[in-house]
Amino acid sequence: MRIRTCFVVLVLLAAATIVAAPQAAKTAAVDDPGMIDAQAYQKLLEKYRGKPVLVNFWATWCEPCRDEYPMLNELAKQYAPQGLKVVGVSMDDDGDLILMRRFLARYKPVFPNYRKKAGNEQAFRQAVFPGWNGSLPATYFYGKDGAQVGHVFGEGKRDTYEAAIRTMLSAGSN
């Protein structure tokens with residue numbers, strides 16, 4: 001009798017695991033960053049018009065991106081009360097989706113992140129910044145009027161970012 005009870009419990013646990021597994025996979029996919037292409041990027045900038053915006057392009061395989069990301073998260077927390085909007089865009093390939101999920105779980109960003117849609121690499125880079133060769137990290141600063149007012153290629157220093165943010169926040173506030 002005891003063996004049969006243990007067997008029934010094991011069967012029920014196995015069934016529960018099988019039923020729950022697809023649900024867990026669906027939950028992870030729902031939390032994935034939305035896909036973005038050149039047109040969606042322009043819509044995103046339009047959405048934040050009237051606010052200073054910092055957009056950071058990163059990838060999990062980019063060591064300077066991993067080094068810089070925690071600082072960007074701190075800056076987003078620090079300057080959000082003053083109106084700064086920070087946005088991240090992962091340039092990882094679809095094959096790096098699991099790494100991207102781990103990256104975001106590790107750093108717990110306080111700002112929205114998107115994932116660049118595969119294809120049309122050149123058109124996407126030109127829509128962001130004509131002449132951008134795709135080097136990472138790349139950060140672009142947009143004023144309240146939506147115009148790009150600066151950029152940083154490679155890992156930036158905190159004082160460089162803070163100077164740009166303070167300039168964006170003070171522009172047009174008179």
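Helices here are DSSP runs of H or I with at least four residues, numbered from the N terminus. The model is a predicted one. By that definition, α4 spans residues 97-107. Just after α4, lysine 108 takes a positive phi of about 45 degrees.

**Helix α4**

Which residues of α4 are buried? They are Leu97, Met100, Phe103, Leu104 and Tyr107. These residues lie on the same side of α4, because they cover an arc of only 115 degrees around the axis. An α-helix has 3.6 residues a turn, so residues three or four places apart point the same way. The opposite face, turned away from the buried side, carries the exposed residues Ile98, Arg102 and Arg106.

What do the buried residues of α4 pack against? Their partners are β2 (53-58), α3 (63-79), β3 (85-90) and β4 (113-116).

**The sheet**

An open sheet is formed by 6 strands. Their order is β1-β4-β3-β2-β5-β6, and the pairing is mixed. The edge strands, β1 (34-36) and β6 (148-153), each pair on one side only. From one strand to the next, the twist averages 25 degrees.

β2 pairs with β5 (residues 138-142) in the antiparallel sense, over 5 bridges. Within this pair, valine 53 has tyrosine 142 of β5 as its bridge partner. Helix α6 (residues 158-170) lies across β2, β5 and β6. Relative to β5, α6 runs at about 20 degrees.

**Asparagine 113**

Asparagine 113 is found in strand β4. Is this residue buried or exposed? Buried means under 20% relative accessible area. Asparagine 113 has 10% relative accessibility, so asparagine 113 counts as buried.

Leaving aside neighbours within four places in sequence, asparagine 113 is in contact with Pro33, Gly34, Trp58, Tyr69, Gly88, Val89 and Leu104. Leu104 is also one of the buried residues of α4. Glycine 88 sits 25 residues from asparagine 113 in sequence.

Three distances describe the surroundings of asparagine 113:

| Partner of asparagine 113 | Atoms concerned | Distance |
|---|---|---|
| Tyrosine 69 | side chain to side chain, polar contact | 2.9 Å |
| Phenylalanine 111 | backbone oxygen to a polar atom of the asparagine 113 side chain | 3.2 Å |
| Glycine 88 | C-alpha to C-alpha | 4.4 Å |

The side chain of asparagine 113 thus appears in two of these entries: with the side chain of tyrosine 69, and with the backbone oxygen of phenylalanine 111.

Technical notes:
Residues are numbered from 1 along each chain as its sequence is written. This is a predicted model: local features need pLDDT of at least 70, side-chain atom pairs count only at pLDDT 80 or more; totals for chains, interfaces and linings use all residues. Side-chain values use heavy atoms; hydrogens and water are left out. Buried means under 20% relative accessible area, exposed over 50%, partly exposed in between (1.4 Å probe, protein chains only). Helices (H or I, at least four residues) and strands (E, at least two) are DSSP runs, numbered from the N terminus. The arc is that of the directions from the helix axis to the C-beta atoms. Contact means heavy atoms within 4.5 Å. Two strands pair if DSSP finds at least two bridges between them. Axes are lines fitted to C-alpha atoms, for helices over the stretch in contact, and angles run from 0 to 180 degrees between N-to-C directions. A polar contact is a pair of N or O atoms within 3.5 Å; within protein, one must be able to donate a hydrogen and the other to accept it, and residues adjacent in sequence count only if both atoms are side-chain atoms.
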